[in-house]
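Q: Please take a close look at the salt bridges in this model, and set them in the context of the chain and its surface. A connected account with explicit cut-offs would be preferred.

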Amino acid sequence: MSQQKSEATDTGRRQFIKAMGVAGGAVAAVAVAGEAVAEVADEPKTETKGSQGYRETDHVRAYYDSARI
């Protein structure tokens, strides 16, 4: 009987160790992906010369009116 209990405990331990390995890999992948996103987000935005930015004009207001639910 003690051998069956020992095998069950070993199987549980193995599954736990496998899960920790997978979790560690997932954490590393998220960390790398997060750094890549941060690098892209940190790039300076370049504006074209003569750009006046966002302006709400008549045709934009007409679109907003048509898009209301």
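A: Accessible areas are obtained here by the Shrake-Rupley method with a 1.4 Å probe, and for residues only the protein chains shown count as cover. On that basis, the protein chain has an accessible surface of about 6700 Å², and carbon and sulfur atoms hold 59% of this area. The model is a predicted one, in which local features need pLDDT of at least 70 and side-chain atom pairs count only at pLDDT 80 or more, whereas totals for chains, interfaces and linings use all residues. Residues are numbered from 1 along each chain as its sequence is written, and side-chain values use heavy atoms, with hydrogens and water left out.

The protein chain contains two helices and zero strands; helices (H or I, at least four residues) and strands (E, at least two) are DSSP runs numbered from the N terminus. Of the 69 residues in the protein chain, 1% are buried. The term buried denotes under 20% relative accessible area and exposed over 50%, with partly exposed in between (1.4 Å probe, protein chains only).

Now to the part in question. Side chains of opposite charge can pair when their charged atoms come close. A salt bridge is counted when a side-chain nitrogen of Lys or Arg lies within 4 Å of a carboxyl oxygen of Asp or Glu, and this rule yields three salt bridges.

A network of salt bridges links Glu-56, Asp-58 and Arg-61. Within it, Arg-61 meets Asp-58 at 2.8 Å, N to O, and Arg-61 also forms a salt bridge with Glu-56, where the closest N and O atoms are 3.3 Å apart. Asp-58 and Arg-61 both belong to helix 2 (residues 58–67) and are three residues apart, about one turn of the helix. As to accessibility, Asp-58 is exposed, at a relative accessible area of 62%. Glu-56 is partly exposed at 41%, and Arg-61 is likewise partly exposed at 36%.

Another salt bridge joins the side chains of Asp-65 and Arg-68, at 3.0 Å from N to O. Arg-68 lies in the segment after helix 2. The side chains of Arg-68 and Asp-65 also make a polar contact at 3.0 Å. A polar contact is a pair of N or O atoms within 3.5 Å; within protein, one must be able to donate a hydrogen and the other to accept it, and residues adjacent in sequence count only if both atoms are side-chain atoms. Asp-65 is partly exposed at 46% relative accessible area, while Arg-68 is exposed at 61%.

The structure also holds one aromatic pair. Tyr-63 and Tyr-64 form a tilted pair because their ring centres are 6.2 Å apart and their planes stand at 55 degrees. Rings of Phe, Tyr and Trp (its six-membered ring) pair if their centres lie within 6.5 Å, and planes under 30 degrees apart count as stacked, over 60 as edge-to-face and the rest as tilted. Tyr-63 is exposed at 54% relative accessibility, whereas Tyr-64 is partly exposed at 35%.

Finally, the surface carries a nonpolar patch of Phe-16, Ile-17 and Met-20, with about 340 Å² of accessible area together. Patches consist of residues with over 30% relative accessible area and no salt bridge, like charges being joined within 9 Å and nonpolar side chains (Val, Leu, Ile, Met, Phe, Trp, Tyr) within 5 Å. Ile-17 sits in helix 1 (residues 2–41) and is exposed, at 59% relative accessibility.
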